[in-house]
Every structure is written in structure tokens, then in C-alpha cells.
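Work through the exercises below with the model open. Try each task before reading its solution.

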Amino acid sequence: MSVESSPSRVRVRGDGALGAGRDIKGNAFGDGSKAIYIEHQIVQEAPPWQEPTWPVLIGVVPAQAGYYQHRPQIEQLVEELEDSSTSEWCLVITGTGGVGKTQLAAEYARTALHFEGDLHGAGGDGGVPGNGSGSRAVELLLWVNATNQQAITDAYALAAQVVLPGGAAGLDANQAAQRFLAWLRTTARRWLVVLDDATAPSTLTGLWPPEVSVGRVLVTTRSRDAAWSTETRRLLQVCLFTPDQSAAYLRRALVRPGCPERGDSDGEIAALADDLGHLPLALAQAAAYLVDTGRDISRYRSLLADRARLLAHLVPDIGGLPDAQTRTVNAVWDISLALADTYRPVGLARPMMEISAVLDASAIPEQVLTTSAVRSYLNAIRAMSGKVNTVGASDGGVVDEVDAEDTLRALHRLNLLDHDSNARTVRVHQLIQRAVREHESGRKRLPQVVPASASALVESWPEIERDTAFALILRTHADALIGHSSGFLWQGSAHPVLFRVGRSRGEAGEVKGAAKYFERLVGDARDALGPDHPDTLSFRHENAYWRGRAGGIAETLAAYEQLLIDRLRVQGPDHSDTLTARNEVAFWRGESGDVSGAIAATEELLADRLRVLGTDHPHTFATRGNLAGLLGEAGDVAGAVNGYEDLLADRLRVLGPDHQDTLTTRSQLAHLLGEAGDVAGAVNGYEDLLADRLRVLGPDHQDTLTTRNNLAAMRGYAGDAVGAVSAFGDLLTDLERVLGPDHPRTLSTRGNLAFWRAEVGDVVGSLSAYEDLLADRLRVLGPDHPDTLASRSDLAGAQGETGDVVGAVTSYEQLLTDRLRKLGRDHPDTLATRSNLAGWRGEAGDLQGAIAATEELLIDQLRVLGPDHPDTLASRNNLAGRRGQAGDVAAAVAAYEDLLADQVRVLGADHPSTLATRGNLAGWQGEAGDVSGALLAQTNLLADRMRVLGPDHPETLSTRHNLAELQGQAGDAAGAVIAYEELLADMFRILGPRHPLTFDTFCQMQQWKSQA
């Protein structure tokens, strides 16, 4: 009997035949025949049943993909499915579309069959060679395309016809399927059922093969629902290719017989694999495209990176896909995404993927995807589609956080993204992102997706970046979003995320990167908004600010002066942005060395801010803080301290004790206390501030780390140099962990550590540390950055301290040339370099040259800084000492007496500089022959230093050293020896035996012992 069928009719020839179909009108049947209507299928009369020849393959095992890459997971499959001691009878292979689940299952199926010779099969693909090992071989392999229950039922019915004694004659498909499952339960033959591409666990309800010792089940699915896992079933996640596997595949797949030889390098191959995210399907289709078009990898990567080109145009047409593939890589996830949209909460999966698709592929914080900005977008899209939940957390159609979280879990279940519920992050494969963006709905909704995603980032961005790693993650996602924005962040104004990401970059230490970023945005804003738009002007402000932070002081001042002109024209004199521009002009005038001009401008600004904004406005407070700081720079330390104390009281009243600005004022006040000579008060201030910043900001916040830096330095100035070294070492470790080794604050801490190493006597180690630091600052910041120039100054001083006086002079001469070029003649750093150069010229033997240079410097400092500036007073100190060294002892004494009177007036009697001048004056009194007067002066100085600095401060120890020397000069050699012995014991305890001052004290003691 033969049967011919078509979609609309069945023709039957022969007696006693059975016909079935949706429409049997007009069909002719032989005698004894009958017609049965069966939904969805045509049942043909089966041939007489014959005993199969074992082993049996039923179904079509997919052919091995070309250039197939063996994966170690196959060994895991073999081990777990063939381990008789385990209770696991089923493995569920899950993974995203295109990852190679079916190929992995097919390789295992071939391994499990282990047959030799010909194979009796139904729907099979012919014989498969065995490996000669039949001990664990299966005798029945059933491969099922398990996309729905009907397909599974039909496959089971076919298997029943083959293996059931007598076949399945007279049974409908459901009956035959159940009879086959019963046979699996009772047979002694080993069997394997592969259920390929199952949609969900519910697809197998009532159709699971039985759990018996002779049988195993292998399922492939894009779903990773919890229901797959039981005591006897386990999920196995299939991952992407490793970089080595991707490279090995591409090397083989790109070389085809008859095609020209390719010249692709290993680097190009590795880069292409990275671009494609090591997805096997993408690699296969890209390789086929490259072979078909003859393009080289570098050209293909350029096309791939071009967002104007669709991914669908960079893979072969459907007819040219390799390995019998039926969908291009860009379309392979459409089925899963459509299914996800049917999961509760309904209709949110695709819009959630659209948000995820414009962010970076890795580690999207869950909190970003559950923000109110994202939920509003999801709610709007679902409302437009009419798919509104009527049950659960989103009653009434309002999307809440639970809905957003459930949507992420639904997408995770279908391997469209990886949702780590512990780390609370989401990862999406980059090609899935691209496919979503290039989908029709994704392109259509991009103008809404981009602003919603940007608002989600801003909403998630903490005002204070305590967690620097989290801030870096947000910047990474913002950069990716800006790359996909296509102008949708410039709809009438600049989206706030454009400002936030640049500021965050600069605050993290990437000052050059922030300057370049805002420079680019100035151009973008002019094109999108016009030159006078407030956001364009604000981008100019940001660009100027970060250029200044990167070291471009003169250009920054010029940029702010021009910006002020434009703000006055566009926004008027009393606009808050105009007042801010005036503030910046004043500040950068001070940075450029014009401190008096900066003070005058800030005083005028303060008057206007009081008039426009009021006394308690944050900007008014900020101006008062700037004015206090400038007073300190001008030498009016007492006025600065008073200014900060008054400001602190007002900020405590208005903002509270834990506000960031209040804490900043406390830091500034502690610094000024140290500058004023109250080192102990500064230490106490920093200790209290550190405790509060640890409580409010956390240990890794930059302000907390800065406070630790300041406290360590102040403890060093208070005499605990060893403690300072230890504290800076600990701080450096934390800074490298939190900010990275190249962050400017990390580099500054290395400089501080090098300084205090020299203070404890390790001048050689300090020199080496300065050399390494300079190399890194040149690499990271460039040759003209203020910090790089500061490192050159520190290194030059260290050269002199280690005995290379000529090298120090040469280094300072070169540095002076560069500071004159970069900063100008009157900048404080230029003046400081001239001071250092004069000092080391004197040390090199050119005492008259040093005196002349110091006299010229003093004239300029009086003109630029004024007579009471600390630097001016320091130059008078240096000039007095050099005149004494040149033999004019009387002039030195007179100069020190005049200087002391001014320092007491300006700095106070207990300031460290005032105390130092008293020591110098006593020394030159002794040189002038007034040993008794010098002895009395040093005795009084020692009492004051003990009171102000404490007994263990290095300056106190130095005073005891000088006092012992004067005792000897006064004729009391025995008393000098006793004083030196007591001092030496304390120096061993405080400074250590290797400190230069300890060594000098020992030598002086030996000298006086010889005379006692």
C-alpha cells in the first residue's frame, strides 16, 4: 500500500487502508477502509513491525559543526551521566543562544552510543563510528527536537513504533508516547534520551522519561528555571569559548581550500574574538562572512565598530550560513526575548533589555536597573503596549521595584542576561546588546531609552563617592551610554549625566582626562545648543577648572576671565553663574601668584554674594572660606584662623556637624593652626576630624584618606618623624588599593613618605624614592604639571642632602628655567626655587653669590608677597645666616634681632619659625663672643620648646645639642659631656642610631671627652 499526502488532502490506494487529514471530502477509499479526523497530524499505515537491530538511533543527531572545538565540559558530561554511584539521572544543559549547547549534547550523544558496524535507525543520519568500548554504551539513543509538547509526543510515538514489540499499530500519538515511556521504565537495555531546545520545564510535564538505572536524559534549553533542578536533575551552564578556544577556531575556520592565503595576525584574531564576545555562533558566522567577502580582519573590525552598520549586514545571508544554521546571530535571541515578555510581569522584558543594551556589558548595578527612572520607562512602554499586570506587586499597571527585579530574574532564567543576586549586578553579552539596539523596536525607542538610562545613572550616583570602585563602574556605564546616545542627551539642554561623569573622572584623579572630556563637550554643546546656552558656558567652566587642576594655571585664568565676560553679557552681573565665574577668576589669580589681587577680588565678591544670596547661602560661606585661605597664603595666619573659626561656627549652625562643608572647614582650620605654630592643636584637630570622617564618609573616601595624610604630616612636624613614616606607609598601601598607583594623591603620598624618610635619617632611601616618583609623575602627569615640578624640587634637595651639592645646584637651575617659563617670575613656586638655588649655591662654596641671589629674591618677595609673608620672613632669616657665614657676625646678629621682633608681631612668640629664629640668634651671639648670653638664650629657648613642642621633638633635641656645645665653649667640658650623653640616650630612643643628628651628637661628645 502507498500513501501520498499534501497539506489539504490524502489519497489512499489499496484495500483496507486508513486515511487521515483535515479535509477528506472527495477522497476515495478502498473496501474496508475508514476515515478518522486527527488534529495536527497524518497517520500513515506503518509497515509490518520488525525486531530492530540494536543499537538503535531514532531522530537526527545534528552534524558536527565545521572546525568544531572540543570543550572540556564533555568530559564532565560523560563523568556525571555515566557515574552509577550518583543519583543524578538527568543533566540540563543551559546557556544563551549561540553558545553551543546542542553541539555539546551531540558530541556526548555520539560518545554515549559507542557502537561498531552499521546502525539500525529511524530518521537517523547513518552510521556513526564507535570507539570500541561497549561496556557503558547505550542501546537506544532518541534525539528529540523538544520545542513543544506535540513535537516531543510525536518523537515518542515514532520511537514506540520502532522499539515496542509489534509496534504501535492502532494507537494514537499520545497513547504510543505513553507506551514508549512505559517501555523505558521496564527495559533492561541502556538508553539515552536527548531533549534538544526545550522551552521551559512545563514543556515536559507528563513527558519526562522515567528515572531508572539503565536510562539517562540530557536536556538543552535556554531556560535556567529553578524547576529544572531536582535531586536527580542538575543544571550545567555552558559558557562562552575561552580566548584560546576562540583563536583556535578562527585560525581553522578562516583557512578554506581553494581560497587565497590570509595574513591575519594572532593579535588581529584575538581582537576579533574579543569584539564578538567569544560567542561560538558569532565566530562561525563572522568567519563565513570573512571568507565569502575576502575582507581582512582589521577591515571587518572597523565595520563591526561602525554603529551605523547593522550586525545583520556583517554576517552571511540566510542561505550562506554555516553548519545548517537557520538564524543570523542578531536574530538568534528574538525567540527568547519574545518568551520573556510573556513572563510575569508581562511586557517588561524587552524594554528592560533596551535599557541594559545602551550601558556597558559588564557589571551593571542592579540598583541602576531598578531606579525610578527605569521603572517610569518600563511603565510607559507597557502602558503603550496594553500589557498591564492585574495581579501581584504591580496592580493597576504601576511598575515598582519588585516588578523590575522580577523582570531581571525572568531575563536571567532565559539566559538573556546574568543576574548575580549576591553581588546584585547584571551582565549582558555585547552581541545581545547590539541585537536589542538594532531591533526595530530598539531603534524606534532609542530617543526614550537613552535619557531614561542616563537619568538612572544620575539617580544611582552618590553625592559623595565613598565607594570609588562603584563610581568607576558608573563612569564606565556612562561612557558606554554616551557612545550610544546619538544626540539624545542634548534634547534642549545637556543631560546632567554629561556633567556628572566628567566631574567624577576628575575627582578620581584623572584630571587630564576630565579636562579633555569637557573640552570635547564644549564643542558638542556649541553644535547642539549654541555658544551662549547656559550649559555651553557651564562646560567651559568645567573645562577651565580641570585644566587648572592639571597644571595649566595661566591658561585657566585666561579661560575664566573670558568666561566671566561672556556670563556678564549673557546672564548679567548678579546671576549665580556669573558670581561663580568671579570666584574662579579670584582663585586662579591667587594660584598664579597674585595673592593680593586675589584677596581684593574675593572681598568684592563676598560683598556682592552677601547682597544677592544672603549671609547663610552655601556660596557665601564658600567665599568666606576662600578669603580666609588667601589671608593665610598672604601671611596673615591669625586673620585666616579667625576667619575659619567664624565660618565653622556658622556652618555648624546652618549645615550641621556632619555636612561635608563643615568637615572641610575643620580641616582648613586644623591646617592653619599648624601654620600658626599650634602643632599640638593641629594634631588634635585632625584626630577629631578623622574620627568623624571615618564615621560619616567611611575609611576609603578620599576626604578620609586626605585627613590621614594631613594628620601623619602634622604628627611629624610635632616631632614624631618615625610615626609619620609608619602612617604614610600605611596610607600609601590603602591609596594604591582604593585609588590606584597612578592617582595624583597616591603619588603625593609617596612624596610625603620620601620626605619623612629623610627626616629619620634615611637620606639615601629618600633620594631613591624621589627618583622613582619623578619618573612616574613624568609618565602620568607630564613634564609641566605642578606636581612634577615639585618632584624635581624635592629630588634636587635630596641630591644636596646626600652630598651631591653641585648636582643640587644644577637641578635647581634647570628647574628655575622651567618654572620661569611655565609660571612666570613672580609665582610663589618660582620664588621658592630661587630661594633653594641660592641656599645650595652657598653650600657649594659660592657664599657671595648666594647672598646676592637672596638679596634680589627678598626685593621681589617684598614687592610680590609683602613684608609679613612667611616666605619673605624666611628669606630674611636665610640672608642673615649667610651674612654671618661670610664673616659679618654683627650684621647677622642685628638682622636676626630685627627679624625676631617682626616674627613675634606677625606669627606670635610660640610659632616654630619664631623659635627657630631665637635659636639662630643665640648661635650667632655665641659666634660673636657672647657665650654667656648665648647660653642663657638657649636655656630659655629650651624651656619654651619643651613647653610648646614637647621633650621629644627634633627641634627640642637640637636645642639641647646646641646648649651642650655652648656649655663646653663656656669652659664646662665635663658638663658638656654629661649633657651630650643624656641627649644621646634620648636620640637613640627617638631618632635611632643612624640619624645624622644622632651621629653628630656622638662625635661632639667624643670631642669634649678628649678635653674634659
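**Exercise 1. Judge the confidence of the model.**

Task: What is the mean pLDDT of the protein, and where is the pLDDT below 50?

Solution. Start with the average. This is a predicted model, and its mean pLDDT is 87. A pLDDT of 70 or more is reached by 91% of the residues. Next, find the weak stretches. Residues 1–43 have a pLDDT below 50, yet the model gives this stretch 59 contacts beyond near neighbours in sequence. Residues 115–135 also fall below 50, with 33 such contacts. Where pLDDT is low, predicted coordinates should not be read in detail.

**Exercise 2. Describe the overall shape.**

Task: What radius of gyration does the protein have, and what would a compact globule of 1012 residues have?

Solution. Take the reference first. A compact globule of 1012 residues would come near 31 Å. The protein has 41 Å. Now check the box: along the principal axes, the C-alpha atoms fill roughly 145 × 70 × 60 Å. Then add the interior. Buried residues, those under 20% relative accessible area, make up 51% of the 1012 residues. The secondary structure comprises 41 helices and 14 strands.

**Exercise 3. Place one helix.**

Task: Which residues of helix H5 are buried, and what do they pack against?

Solution. Locate H5 at residues 243–253. List its buried residues: Gln-245, Ser-246, Ala-247, Tyr-249, Leu-250 and Ala-253. Recall the helix rule: an α-helix has 3.6 residues a turn, so residues three or four places apart point the same way. Finally, find the partners. The buried residues of H5 pack against helix H6 (266–275) and helix H7 (280–293).

Methods. Residues numbered from 1 in each chain as written. Predicted model: local features only at pLDDT ≥ 70, side-chain atom pairs only at ≥ 80, totals over all residues. Heavy atoms only, no water. Helix = DSSP H or I, 4+ residues; strand = E, 2+ residues; numbered from the N terminus. Rg over C-alpha atoms; globule rule 2.2 N^0.38 Å. Buried < 20%, exposed > 50% of the residue type's maximum accessible area, 1.4 Å probe, protein only. Contact = heavy atoms within 4.5 Å. pLDDT = per-residue confidence, 0-100.
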